[in-house]
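Thanks for coming. I will walk through one structure today, strand by strand, and then turn to its surface and its charged pairs. Please have the sequence and the model open.

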Amino acid sequence: MISKNIIVTIFSLLVYCSLHAQAGMQWDHDSSYYSSYREKLTTRAYLSRKYTTLKFTSPDAGVPVIKYRPNTTLNVGIGATYRSVTVNIGVGINSFNPDLEKGKTHYLDLQTHFYARKWNFDLLAQFYRGYYMSPQGLGSADGKSYYLRNDLSAQIGGIAAYRALNQKNFSYQAGLVQNEWQKKSAGSFVIGGEVYYGAIHGDSTLIPSIVDVNYYQKGIRKIHFFEIGPGIGYAYTLVIARHYFLLGSATINFDFRYTQERGNDVESKVDFTPNFIFHAGAGYNAEKWGLSVLWVGDQLHVKGRESNYKYLITAGNYRLIYARRFSINHKVKKVLQPINNIIENTSPK
C-alpha cells in the first residue's frame with residue numbers, strides 16, 4: 001500500500017518544482033493570437049466530478065470485460081489564478097450525492113494542472129476505496145443488483161510534464177485556466193514525459209469466481225505497477241468569431257512498465273506500453289469573463305504476467321467553469337505580494 005503521507009509530500013514537492021519551472025518562463029507572445037491577463041486576478045466558480053475507473057480485460061474472449069467504478073460526488077467550488085499560481089477549493093453537493101445502491105466511495109483525489117507559457121504539468125495523487133462493478137448485475141448473486149467492493153482500493157501518484165513548441169501563438173491557459181484569451185486559431189506540438197506509481201488491492205480476489213473462476217483460483221488480490229517514459233503530442237484551439245473556442249489535445253507516451261501481481265504466487269512482468277493523456281474543452285472567452293466545459297483524462301495501461309489480464313486505469317475530471325478577471329488595486333497587490341516574492345526569488349538571475 002502506498003503511504004498517503006509519502007504521496008502528499010511528493011505531490012507538494014512536485015507543485016513547488018513546477019512553480020519554479022514556470023517562474024523562469026519568458027512571457028513574450030504574439031498578442032494578435034492571444035491576450036494574456038496574468039497580472040490580473042482570474043476568479044472562477046465551477047461544478048466538477050472526478051473519477052478513477054478500473055477496467056479488467058481477460059485474455060479469454062468468453063469472460064466479460066469488467067469495469068470497477070467509484071461512486072463519486074458532484075462538487076461545487078471556487079478558485080483563483082494569479083500569474084502562475086492556481087488555487088481551487090471544492091466540496092460535495094449533498095443533494096446530488098450518487099445512488100446508495102452503488103455503495104460508498106471514500107476518496108482523496110488531488111488532480112492539479114499547471115499551464116505555463118511553455119510548460120504544462122499534470123499531477124495526480126489519488127486514494128480511492130470502495131467501487132461497484134459495471135454493468136449492473138455482473139458478479140452479483142441475483143444478477144440484478146450492483147456487485148459492491150467496499151474493500152477495493154486504488155492509489156496512484158505521478159506527474160506528466162510537456163513543453164509546447166509554439167507558445168508564442170498557442171495558449172494552453174486560455175482554455176484550461178482562463179487567464180488568457182485565444183483570439184485566433186493555433187496549435188502546437190508538445191514533447192515531454194511522465195512517471196507514475198500505483199497499486200490496486202482488495203481483501204479478497206479482485207475478480208469474483210462467478211465472473212472468472214480461473215482468475216479467482218489464482219487468488220490475485222494486489223497489483224503494483226511503475227511506469228516511466230517520454231511522449232509526444234499535439235494541441236489545437238479552433239477559434240470562431242474571436243470568442244468561441246474548441247480545444248483538443250492528445251499525447252502518447254512510450255513507457256517502460258513494471259507490473260507485479262500478488263496472489264497465491266508473486267509474479268512480475270517488465271515490458272513497454274503506450275499511455276495516453278487528453279484535454280478537451282469548449283466555451284466562450286472575452287476580455288473580462290469566460291464560460292467553458294473541460295474534460296481532462298489520463299489513461300494508464302497495466303498487464304499482469306500471472307493472469308495475462310490487461311488493466312486499464314483511467315483518471316479524469318469533468319468541469320463546468322465560469323471565470324471572471326479583475327484588475328488588482330494596491331491593497332490586493334499587497335495581499336498577493338508573497339506570490340510575487342516566490343516567483344521573483346525562484347526566477348533565474
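Before the first pairing, a definition: two strands count as paired if DSSP finds at least two bridges between them. Keep in mind throughout that this is a predicted model.

Let me start with β8, which covers residues 148–164. On one side, take strand β7, residues 119–134. β7 and β8 run antiparallel and are joined by 13 bridges. If you want a place to look, find Arg129, which stands opposite Ser153 in β8.

Another place to look is Ala125, also in strand β7. Ala125 has a relative accessibility of 0%, so it counts as buried. Ala125 and Gly157 are 32 residues apart in sequence, yet their C-alpha atoms are 4.4 Å apart in space.

β8 has another partner, strand β10, residues 186–201. These two also run antiparallel, with 12 bridges between them. Two positions illustrate the pairing: Ala161 stands opposite Gly193 in β10, and Tyr162 stands opposite Gly192 in β10.

How enclosed is β8 by the rest of the structure? Of its 17 residues, 14 are buried, so β8 is largely enclosed.

One residue of β8 deserves a longer stop, and that is Arg149. Is Arg149 buried or exposed? Its relative accessibility is 3%, and the cut-off for buried is under 20%, so Arg149 counts as buried.

What does Arg149 touch? Setting aside neighbours within four places in sequence, Arg149 is in contact with Tyr68, Gly130 and Tyr131, and also with Gly202, Asp203, Ser204, Thr205, Leu206 and Ile207. Closer in sequence, the side chain of Arg149 makes a polar contact with the side chain of Asp151, at 3.0 Å. That pair is also a salt bridge, with the closest N and O atoms 3.0 Å apart. Asp151 has a relative accessible area of 13%, so Asp151 is buried too.

That brings me to charged pairs in general. Side chains of opposite charge can pair when their charged atoms come close. How many salt bridges does the structure hold? There are 5, and I will show two besides the one just described.

The next one is between the side chains of Arg38 and Glu180, at 3.2 Å from N to O. Arg38 sits in the loop between β1 (34–36) and β2 (41–57), while Glu180 is in strand β9 (residues 180–182), so this salt bridge ties together parts that are 142 residues apart in sequence. Both Arg38 and Glu180 are buried.

The other is between Arg305 and Glu267, where the closest N and O atoms are 4.0 Å apart. Arg305 lies in the loop between β14 (289–303) and β15 (310–326), and Glu267 lies in strand β13 (residues 266–285), so the pair ties together parts 38 residues apart in sequence. With a relative accessible area of 55%, Arg305 is exposed. Glu267, at 23% relative accessibility, counts as partly exposed.

Now back to β10, this time with its partner β11. β10 and β11 pair in the antiparallel sense over 16 bridges. One position to find on the model is Gly187, which stands opposite Tyr236 in β11.

Tyr236 is a useful way into the last topic, the surface. Tyr236 lies in strand β11, and its relative accessible area is 34%, so it is partly exposed. Tyr236 also belongs to a nonpolar surface patch of about 1100 Å². Other residues in this patch include Leu165, Phe189, Ile191, Ile232, Tyr234 and Leu238. Ile240, Tyr244, Leu246 and Phe254 are also among its members.

Which strands supply this patch? At least two residues come from each of β10, β11 (222–240) and β12 (244–262). Of these, β11 gives the most, with 5 residues.

To recap, β8 is paired antiparallel with β7 and with β10. Arg149 in β8 is buried and forms a salt bridge with Asp151. β10 in turn pairs with β11, and β11 is the biggest contributor to the nonpolar patch. That is what I had for today.

How values were computed:
Residues numbered from 1 in each chain as written. Predicted model: local features only at pLDDT ≥ 70, side-chain atom pairs only at ≥ 80, totals over all residues. Heavy atoms only, no water. Helix = DSSP H or I, 4+ residues; strand = E, 2+ residues; numbered from the N terminus. Buried < 20%, exposed > 50% of the residue type's maximum accessible area, 1.4 Å probe, protein only. Polar contact = N/O pair within 3.5 Å; in protein donor to acceptor, adjacent residues only side chain to side chain. Contact = heavy atoms within 4.5 Å. Patch = residues over 30% accessible without salt bridge, like charges linked within 9 Å, V, L, I, M, F, W, Y side chains within 5 Å. Areas by Shrake-Rupley, 256 points an atom, 1.4 Å probe, with all protein chains shown as cover.
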